Amino acid sequence: MGTSLTERAVSDLDPVQPAPSAGRADTASTAAAADAALADSTAAAAEDAAIRAGQPAHGARDTKVIWLLLGATFVVFLNETIMGVAIPHLVDDLHISLSAAQWLTTAFMLTMAVVIPITGFLLQRFPTRAMFITAMSLFSAGTLIAATAPGFEVLLGGRIVQATGTAIMMPLLMTTLMTVVAPSDRGRFMGRVSIVMSVAPAIGPTISGLVLNFLSWRFMFWFVLPIALVMLVIGFRKVENVSETRVLPLDVFSVVLSAFGFGGIVYGLSILGGVVTGKSPGDTVPLWVALGVGVIALGAFIWRQLLLQRRDRALLDLRTFHSRNFAVSIALMVVMMAALFGTIILLPIYLQNVLHLEPLATGLLLLPGGLVMGLLGPTVGRLYDRVGPTPLLVPGSIVVSGVLWSLTMVGEQTPWWLMLVAHVVLSAALAFMFTPLFTSALGSIEPRFYSHGSAIVGTVQQVAGAAGTALFITVMTAQSAAVAATGAALETSEAAGIRAAFLVGAIISVAAVVGTFFVRKPADMGEGAPIGH
C-alpha cells in the first residue's frame, strides 16, 4: 500500500525483478529520476502556458538581444537604399549605362533573395551569437570593398558581399523575435522592427544626397563602415544565444536550384528593358534563356523541398503554406514590396531627370515619407495587438492603390511639393500594411517553422523588391523609348515612361485591396493556439 504510483509503473516495466534489498533502493532512485523528469515536463508546460497567456517567458537577456539585433539591422538596412540617389552620378563617374548602374541595387536585392533561403537552415544549425558575428563581419567587409573599389566590377562585388551579411540579419531578427516574444506583444515589437525597416531606408537617400553634394560617392561607404564595425564589436561582447540548435544536413543541390531559380528570374527581368528598346547588351544571356532557366530551376527547387520536408531536411520548408493566412499574407507582401521598391527607384530618377532637382534636394524630399512610415510603426503595432489585421490592412491597401493611381498623372510641370505629399501618404499607408502582414504571417505557423517562415518572408520580400524594380524600370524604359522616337524632348519621354510604370503598379494594387479581406487574426493572439502549436 505504501508503494508510489511511479515505483509501481517502473516495476511493471522492468522484466527482471531485483533482489528485495537492492531492488527497493534502485526503484526509489528510478522513481526519483522519473519524478524529476515529470517536474521538468511540468515546468516546460507551465512556461508554454505562460507564453500562450501572453506572459513573456524570457527575461532581460532576451530583450537586450532583440535591441542589439534591431540596432544592427538598422545599420545594414541603412545601406540598402543609399545607392538610389547616386545612380546618375555613377553613370557619369564610372562611364556605365543606366541599366548597368541599376545592378548595384538589383544585385543587392538578388543576392539577398538567393542567400535568405539558406538562413532557414543556418538559424537551426548555428547559435544566435555566431550568426550575428558572421552577418556583421560580411557586411563590414563588403562595405570596405565598395569604399575602395577601383571600378564598377569591384564595386558590384562589394555590394554583393554586403548583401550576404544583410540577408542573414533580417531572418535572424525575425526568428529571434518570434521565439522570445509572447504572442500578445508581437504587434508592438514588430512595430519597432518597422521603424528599423522604414527609417533606415528613408535616411539612406538623404545621407547619399548630403555626401554627393560635398564629397565623392565613396564616402557613402566610409560613412557606414565605422558604424558597422561598432555594432560588430558591441554584438561580439553582448549578444547571447537565445535559440536552440540541432545538427542538420545541408542539401547543396537545393542551394544551387535556389540560386538559379531566383537569379534567373530577376536577371531576366533586369535585361528586359534593353530587349524591348532594341538595345540589348552585347554580352548578356538572352532573355528567354534567363527566364526559362529561372522558372525551371525554381520549379525544381519547390519540388525538391516538398520531397525533403517529409524527412525534415528541406532547405526551405514549404509546410508553412499549409496555413492559408500565411499564404495570403505572403501574396500581399509581394505586391506591397514591389510597389515600395519600384517607387523608391523611380522617384529619384523623376525628380532629378524630369524636375531637375539636385541630389540633396531629392534625398530631403524622400526623407519625410520614410520617417512617417517608421514613426507610425509602434502605433500600428499596438493597434494590431488590439484589433487584429483587417481594420488596418483594408484602408491601408485602398490608400496605397489611390496614391499609385495619382502618380500615373505626373508630368514635366508637376510641382515638387505634390510629389512630397504623395510619397508621405504612400509611406503612411504602407506602414498600415507591413506590420500586420509580417505579424499575421509568422504568427500563423507552428513555432518549429519560425526560422523557415522568416526565411520565406525575407526571400519573398527581396525577390518582390527586385522584380518590382526591374518591372518598373522595364516599363519606364520601353515607354520612354517609344515617346522619344516621335521626337519628344528627354523630359517629356521620361515623364511618359514613369507614368506608364506607375500605371502597371496601380493595376496590380487593385488585387491587393481584395486580398486584404482574407487576412485573419492569428489564433494564438487570444482565442487559442493554432493546430500544431
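Helix 8 (186-214) and helix 9 (219-238) each contribute at least two residues to a nonpolar patch, where helices are DSSP runs of H or I with at least four residues, strands are runs of E with at least two, and both are numbered from the N terminus. The members of this surface patch are L144, L210, F214, L215, F219 and W222, and together they have about 600 Å² of accessible area. Residues enter such a patch with over 30% relative accessible area and no salt bridge, like charges being joined within 9 Å and nonpolar side chains (Val, Leu, Ile, Met, Phe, Trp, Tyr) within 5 Å; the areas come from the Shrake-Rupley method with a 1.4 Å probe, and for residues only the protein chains shown count as cover. One of the members, F214, lies in helix 8 and counts as exposed because its relative accessibility is 64%. Here buried means under 20% relative accessible area, exposed means over 50%, and partly exposed is in between (1.4 Å probe, protein chains only).

The model is predicted, and for that reason local features need pLDDT of at least 70 and side-chain atom pairs count only at pLDDT 80 or more, while totals for chains, interfaces and linings use all residues. Residues are numbered from 1 along each chain as its sequence is written, and side-chain values use heavy atoms, with hydrogens and water left out.

**The chain as a whole**

The protein chain has 17 helices and zero strands, and buried residues account for 54% of its 533 residues. Its accessible surface is about 21,900 Å², and 68% of that belongs to carbon and sulfur atoms. Of the contacts (heavy atoms within 4.5 Å) between residues at least 6 apart in sequence, 84% join residues at least 24 apart.

**Helix 6 and S140**

Helix 6 (residues 128-147) has 20 residues, which at 1.5 Å a residue should span 28 Å, and its end C-alpha atoms are 29 Å apart, in agreement; the expected span is 1.5 Å times one less than the number of residues. The buried residues of this helix include M131, F132, A135, M136, F139, S140 and T143. An α-helix has 3.6 residues a turn, so residues three or four places apart point the same way. S140 belongs to helix 6 and is counted as buried because its relative accessibility is 5%. A polar atom of the S140 side chain lies 2.8 Å from the backbone oxygen of M136, and, leaving aside neighbours within four places in sequence, S140 is in contact with L225, A228 and L229.

**Helices 14 and 15**

For the 17 residues of helix 14 (residues 390-406), the span expected at 1.5 Å a residue is 24 Å, and the end C-alpha atoms are 24 Å apart, which agrees. The buried residues of helix 14, among them L392, G396, V400 and L404, pack against helix 12, helix 13 (359-387), helix 15 and helix 17 (490-515). On helix 15 (residues 416-443) sits A429, which is buried because its relative accessible area is 5%. Apart from neighbours within four places in sequence, A429 is in contact with G396, V399 and V400, and its C-alpha atom is separated by 8.4 Å from that of I398, 31 residues away along the chain.

**N325 in helix 12**

N325 is part of helix 12 (residues 324-354) and counts as buried because its relative accessibility is 10%. The side chains of N325 and S444 are joined by a polar contact of 2.9 Å, that is, a pair of N or O atoms within 3.5 Å of which, within protein, one must be able to donate a hydrogen and the other to accept it, residues adjacent in sequence counting only if both atoms are side-chain atoms. Beyond neighbours within four places in sequence, the contacts of N325 are S440, S444, F518, V519, R520 and P522.

**Salt bridges**

The structure holds four salt bridges, each a side-chain nitrogen of Lys or Arg within 4 Å of a carboxyl oxygen of Asp or Glu; the table includes three of them.

| Salt bridge | Closest N and O atoms |
|---|---|
| R319 and D312 | 2.5 Å |
| D317 and R319 | 2.7 Å |
| E446 and R448 | 2.9 Å |

D312, D317 and R319 are linked in a network of salt bridges. Within this network both D317 and R319 are buried, R319 at 18% relative accessibility, whereas D312 is partly exposed because its relative accessible area is 37%. R448 is also partly exposed, with a relative accessible area of 46%.
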